[in-house]
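Visitor: I am new to this structure. Please take one helix, look at it closely, and then show me what surrounds that picture in the rest of the chain.

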Amino acid sequence: MDDRTNVSKFWEDNYCIEKDTKDLNCPTPEEVFSHFQQTSQARHLSLDSFKVITCDLGKGIKLNKKRRKNQKRFYNVTSKRPRIETEDVDDTSQLNTVHDDIETTCSKVDNQLLDSYLQHQEEMQIQAKTSSALKEKIKAPSTRKQMFDVLKGKGLYKKFPQSHFKKFERWLKSPSGGQLKCTEQIVSEVNRYLYFCNREKATWKHLLDQKLFNNYLILTKEAGLGPDGLKTKVERVTIALKFLAHKKTKLRQKCDSKIAEYRGWMKPLAKQKKVLRMKNSWRDELCGFNLNMEDLDTAISEETINRFIMIMKKAMSNEKLTQEEYRVIVDTIITITITQESAIRPGAFQFMTLTELNNPVIYISPTDGTIYNIVFVLNHKTFATHGPLGVPFAETSWVQLHNYLKYVRPQVKPQLPHQELVFLNASGTMITKPGMAVTKVTKMHDKHITTTKIRHAIATAGNELLTDVERRAVAKGIGHTMEVHNKVYTDLTIKNVHASIEGQKKLHNKKSRKTL
């Protein structure tokens, strides 16, 4: 009997293929090989030759993506119950002992199956609770939409024609105006406020009226706008006051005093925002909406990966992609990098240029030998504080990124002034709201995943598992100071409460304590 026949017979006698088998129950190649050596006569086979024959027989080894890269297991493989042939047994006493052995082995297997079934049922109940709570959250009417309806009902969304504010828009793009990017939003906000003050004519002096501005903020707050939105409105009105001081030098002193006064209003709004964030964080922790590192590892489903590969093959065969297929390629590359490599802000992908991509820094990880190509992006939110932001791409992501540049991006005609940008829309312009890409790609996951939640999960897990030096490196890598990293991005967890209880237990003297 040759080696191939021996291995094939061993697999048929001892193992079977079952779908949806738990990863932890699947055996490793080393375990199966040791079992093969104990039961088979072909002990001259090595582990590598056993793996090769196994793969040829169709029992191929798949890398389990839910676990770490260095842990390989057989996929959907379970061991059969031990079979004992009773035809060769002549003596009745020996036959009885054999039957007893069969019953004991079967009972052990049954107990193991029962335990695993109960554990599975418990996990399913927990998942059902979290998924049902998530469904209720999704089905609930959008408070944001209700807020916009109230604002429109009160006439706070009406405005003058945008052509009346061309000078203001040009000043915002100039060096004296700060060369801001979101000029349209600033102009629209100021336009709405001036329309609220006087519906017949846009009078810039209304920016100096404290009572009118206070009433405007009160109305928007009653409509349901949160502290973050109110803070944004105050910031944009202060920018308009700077333009008024630049335009009319006589009013410069009044404008400066109003700017200082309005900025004083933002301090309590910042505190309210922090309180609201902590309330939402604790509510999400109790409902099971907060993310952990396991959620990030399993954020992208196999269906999404298979669809990405299928569309990329279509592009590599010079077939024209639809707008939806083009966006799937862009969104998947961004999501894989954010969830698996570095929890950076999605704005880094929005402004990444081809010049920056052509000058990467190569880093080889000393732990597992993974090669990273680090692209340093200059145009991002915290450049003034932290300098260039390093965006790491692993080997597979780097290859797919270059496939995108070679086969997918040429199908789009870049529009001025976006020719240098790496990631473009199907219309050839800069991608808008790149953070929504993560939510779209991970929509198959049980939990609602956003870039902000990912950054919170990294900060929270880092506080529990990393040293101070590693935490500082992580904070700087995702564009935070340590103060913001600790105070804002670290979620409240039930583990903190457990640790507090155990810590206070050590401080009390149980012998002298009197309790109920």
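Guide: The model is a predicted one. The part chosen here is helix α8, which covers residues 210-222. Its length can be checked first. At 1.5 Å a residue, the 13 residues of α8 should span 18 Å, and the C-alpha atoms at its ends are 18 Å apart, which agrees.

Next come the sides of the helix. Phe213, Tyr216, Leu217 and Thr220 are the buried residues of α8. Viewed down the helix axis, the buried residues of α8 fall within an arc of 95°, so they line one face. The general reason for such a pattern is that an α-helix has 3.6 residues a turn, so residues three or four places apart point the same way. Lys211 and Glu222 lie on the other side of α8 and are exposed.

The ends deserve a look too. At the N-terminal end, Asp209 acts as a cap: one of its side-chain oxygens lies 3.2 Å from the backbone nitrogen of Lys211. Just after α8 comes Gly224, with a positive phi of about 115°.

Now for the wider setting. The protein chain has 516 residues, and 37% of them count as buried. Its secondary structure comprises 22 helices and seven strands. Of the contacts in the chain with a separation of 6 or more, 63% are between residues 24 or more positions apart. The accessible surface comes to about 32500 Å², and carbon and sulfur atoms hold 53% of that area.

The largest nonpolar core contains 41 residues, and Phe349, Met352, Leu401, Tyr404 and Phe423 have the most contacts inside it. Among the elements that give two or more residues to this core are α12, α13, β6 and β7. The most comes from α13, with seven residues. Phe349, leaving aside neighbours within four places in sequence, is in contact with residues including Ile334, Ile338, Val391 and Phe423. Apart from this core lies another, of 38 residues, among them Phe168, Ala223, Ala240 and Ile259.

One residue of a strand can serve as a contrast to the buried face of the helix. Phe376 is located in strand β6, residues 371-377. Phe376 has a relative accessible area of 37%, so it is partly exposed. Not counting residues up to four places away in sequence, Phe376 touches Glu356, Val361, Pro388, Leu389 and Gly390. Pro388 is 12 residues from Phe376 along the chain, yet their C-alpha atoms are separated by 5.7 Å.

Note on methods: Residues numbered from 1 in each chain as written. Predicted model: local features only at pLDDT ≥ 70, side-chain atom pairs only at ≥ 80, totals over all residues. Heavy atoms only, no water. Helix = DSSP H or I, 4+ residues; strand = E, 2+ residues; numbered from the N terminus. Buried < 20%, exposed > 50% of the residue type's maximum accessible area, 1.4 Å probe, protein only. Contact = heavy atoms within 4.5 Å. Areas by Shrake-Rupley, 256 points an atom, 1.4 Å probe, with all protein chains shown as cover. Core = buried A, V, L, I, M, F, W, Y, C linked by side-chain atoms within 4.5 Å. Expected span 1.5 Å × (residues − 1). Arc of directions from axis to C-beta. Polar contact = N/O pair within 3.5 Å; in protein donor to acceptor, adjacent residues only side chain to side chain.
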